[in-house]
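Student: Got a minute to go through this one with me? I'd like to chat about what the side chains are doing.

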Amino acid sequence: MDGRREQHVTRSLLVILGLLTLAGQILEAERAPHLPVLTMRLDGAWVRSVDAGGAAERAGIRTGDFVTEVGGQGVGALHRPRTLLKRCRAGEAVTLRLQRDDIPVTAVLVLRSATRIEILWRLAVAGVGIFTLLIGVLVYVKKPRRLTLIFAGVCYVLGYLIHPPYVPAIAGLPFVRDLIQECFTFLLPPLLVHLFLLFPFRHAALETKPRLPRLLYLPSVLLLVGIQGQRWLLPGSGADAIVHLVGGIAAGVLWVLGILTALWLFARSYRRAQTDVARAKVRAVLWGTVLGLLPVALVLVLHELWPGRMFPGDRLAVLSTVLIPLSFGYAIVRHGIFDATLIVRRSLGLTVGAILILAAYFGTYLFLNHVLRPMPEGTPLWVSFVSMLVAALVFLLFQAHRPALLANAAGTRRRDQQTLLCELGQSLCGQTQHDQLVRTIAQFTAEALGSERVAFFEKTSEGQLEAAYLEGLGVEELQRYRFSPNLSHKLEHLTEPTDRGDLETDLPFGYLSPADQSVLEALGTEIIVPLPAEEGLRGMISVGRQTFGEPYTSDDLQLVQTIAAEGSIALENTALHERVRQEEQWRREVALARDLQKRLLPNQLPQGDALEISGFSVPAKGVGGDYYDGFRNPWGEIVLVIGDASGKWVSGAILMANLQGLVKGEAMRRDQPPRIVQRINRRVCEMKKPERYITFCLARVDPLTGKLAYCNAGHPSPLLVRTDGRIEELEDGGLPLGIRPQATYDGGTIVMRSGDVLLLYTDGITERWRGREQFGEERLHQIARENRRLSARALQEAVLSAVQQFAPTPLDDDTTLLVAKML
């Protein structure tokens, strides 16, 4: 069963259970004027206290008596004295058989009618119980979550304990009601602790210890099983006294531990809350819980210590429990379930619904009374029950059609969902303009949900979510609607629509920055809908409140999730289309750059009677950042240059194109290579490309004398291979070009003899990898030494063949080699 279906089933069961209990509570409240006054307090079959001067005292009943029979009917687990006495009528004399110090005693109790004050008191207590139950059920129906389910459980248990429902005196139903009441007494403390582990912020212990909720309820379950088992296995006044003592102590311990733990959790949450809003959220519930539970706990303790004594205002303590659901209701209302504006706007519809329900109830009640007028015993209870069923049926029918009625009244009736989805698919089909696509998704979302305001957010280059579309706002104004990095990171993990209240609850300690709060308030955000992508989040849709004021349903959330999924696919297609277009543009640019680079590289290197030169360059990606050249200067010398830019592909090629122009201009001067390289370095630094640098080497050879002058600017050291196989590395120079404008350079001078070979290369040769093994300089030295007697071109081909045999995979770096041999 998926999550939504499980929520729907749970909500339906809770509503049915709540309606049945509510009906029982109303019937019990209707009996309030007719119930007799017992003038004594019973705990099971034990008389806990006797009112001074009351009917029980006049009948001779004393505190500590154990009731064995009521009106000739034996008392047991299924029939408790209080239940049996409530069936009697006021003014009726009821015979009680008692056990007093193991001596049988008979007492005749004349039950009296309740006074007006006592009836009002009973109705007030009934109202508290009914109101508490209704708050819990309503909160969960409006917002089905684990937190609200536990809250509904707390409200249901409290409402049941404050005002137990009426059940017919058949088939042991009164016993079931009393048993449920006893179970709820033990289960309420762990329920409160469980609630406070979830509210206002989910406690970290629930993540590290997922079985903790089960352990919370285990002591209560074990105590209940033990007490009930002892009561059934060992009947009698003595056993019941033990059960009563153990049960009272256990219930007291559970209540004290539960309240203390709840207060500790609240204090801890308040301490860790980082904003005033989060602290106010905790503070309201904290004081509501304290003021609601402490009076009841105090009265229970006082009555346990002095059973027969009356305390001023002890009855009013029960009324204080209504502060608990009210405080929770206030906190949850403040954070997104209800809205005061919505309540005002829906007041007309709710008023009409209330009139219909009341009319249905009283109409049915009066009609049945008229039909049953000859009956002398008065109106039976089933008449009220049937009237409530008819009213409930009318309420369900009105509730089912209320959204449509309110939408019609507001003039914002929504169209059929299938029609909207079909139109959305047609609108998105073939759409390639990103801005128009975003506008279409936002507008269809607003129309589908009947929302007042919908905003579309997309990720920026910094990873933040920024508004990309909001009806009526320009691009400049949209920049004001941006979420902080913390909230954007949190939204990255959303997989389904969520409302604002859940979002704040899931944040660490409810932290939401003032800037994010102002954005959410300005947009009136009710629901946040993620647009998923293959990796992370593509964007987000902020949905405001509905125009006619209704809360969003699970069907609405499913609909907007479908819209988001289709919109995300359309955005992905648009992004792919844009990527294809950009790649096509890049291919054209690369083709132009490749053509430019071919023109930059020399078509023919200078040759002489005493010097043979050969070179090649193979870019790794069609366009590279390597560069070599050779040309004669006005004095007959041959200038050889090689360079390797840090940037690859197009950026490296562009940088090397600029370098070629600098070299051609500076190398024609009479200065020595270090001076030439120094001027080139200053010009490269003026390009203001701090992320780029160039390793560079310039050598100048006199073909007649063999004199070689060079300067190496951070480039792999050129190799001079002598005829006898010795290899000399040309290392003199300085920093690579483009790092420091004031850099100075050294140079070297050496004489090449007949048969000597000069190799200038880039690291694409020596840093070629095969698995974890590198081609390396030693292997290059060996190949150059073994092939030194070959021509310059043959030596070049031997080196390239050795590199390809070493690692036949495609090149991962630009590869350039320049060979000069003295003849």
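Student: Which strand does D626 lie in?

Tutor: D626 belongs to strand β13, which covers residues 626-632. Keep in mind that this is a predicted model.

Student: Is D626 buried or exposed?

Tutor: Buried: the relative accessible area of D626 is 2%, and the cut-off for buried is under 20%.

Student: OK, which side chains does D626 make polar contacts with?

Tutor: One is T762, joined to the side chain of D626 by a polar contact of 3.0 Å. Another is T816, where the side-chain contact with D626 is also 3.0 Å.

Student: Switching to cysteines. How many disulfides does the count come to?

Tutor: The count is 0.

Student: Hm, what about C697? Which cysteine sulfur is closest to the one in C697?

Tutor: That would be the sulfur of C711, at 7.5 Å. A disulfide needs the two sulfurs within 2.5 Å, so C697 and C711 are too far apart for a bond.

Student: And from the other side, what's the closest cysteine sulfur to C711?

Tutor: C697, again at 7.5 Å and too far for a bond.

Student: Are those two cysteines buried or exposed?

Tutor: C697 is buried, with 1% relative accessible area. C711 is buried as well, at 0%.

Student: New topic: the nonpolar core. Which residues of the largest one touch the most other members?

Tutor: F151, V154, L188, L195 and F196, out of 32 residues in that core.

Student: Which helices supply at least two residues each?

Tutor: Those are α4 (116-142), α5 (146-162), α6 (173-198) and α9 (237-272). The most comes from α5, which gives 10 residues to this core.

Student: Why would nonpolar side chains end up together like that?

Tutor: As a general tendency, nonpolar side chains in soluble globular proteins are buried together.

Student: Let's zoom in on L188. What does L188 touch, leaving out residues up to four places away in sequence?

Tutor: L188 touches V154, V157, L158, L161 and W255.

Student: And what's in the second core?

Tutor: That one is separate and has 26 residues, including L437, I441, I541 and A564.

Student: Now aromatics. How many aromatic pairs are there?

Tutor: The count is 5 aromatic pairs. One of them is Y156 with F184, an edge-to-face pair with 6.0 Å between the centres and 80° between the planes.

Student: Where do Y156 and F184 sit along the chain?

Tutor: Y156 is in helix α5 and F184 is in helix α6, so the pair links distant parts of the chain, 28 residues apart. Y156 and F184 are both buried.

Student: What sort of pair do Y160 and F184 form?

Tutor: An edge-to-face aromatic pair, 5.2 Å centre to centre with the planes at 85°. Y160 lies in helix α5 and F184 in helix α6, so this pair ties together parts 24 residues apart in sequence. Y160 is buried, as is F184.

Student: Which residues make up the aromatic cluster there?

Tutor: Y156, Y160 and F184 form one cluster.

Student: Last thing, charges over rings. Which ring does K664 lie over?

Tutor: K664 lies over the face of F631, 5.5 Å from the ring centre.

Student: And where does the charged end of R779 sit?

Tutor: Over the ring of F775, at 5.6 Å from the ring's centre.

Conventions: Residues are numbered from 1 along each chain as its sequence is written. This is a predicted model: local features need pLDDT of at least 70, side-chain atom pairs count only at pLDDT 80 or more; totals for chains, interfaces and linings use all residues. Side-chain values use heavy atoms; hydrogens and water are left out. A nonpolar core is a set of buried Ala, Val, Leu, Ile, Met, Phe, Trp, Tyr and Cys residues joined through side-chain atoms within 4.5 Å. Buried means under 20% relative accessible area, exposed over 50%, partly exposed in between (1.4 Å probe, protein chains only). Helices (H or I, at least four residues) and strands (E, at least two) are DSSP runs, numbered from the N terminus. Contact means heavy atoms within 4.5 Å. A polar contact is a pair of N or O atoms within 3.5 Å; within protein, one must be able to donate a hydrogen and the other to accept it, and residues adjacent in sequence count only if both atoms are side-chain atoms. Rings of Phe, Tyr and Trp (its six-membered ring) pair if their centres lie within 6.5 Å; planes under 30 degrees apart count as stacked, over 60 as edge-to-face and the rest as tilted. A charge sits over a ring if NZ of Lys or CZ of Arg is within 6 Å of the ring centre and within 35 degrees of the ring normal.
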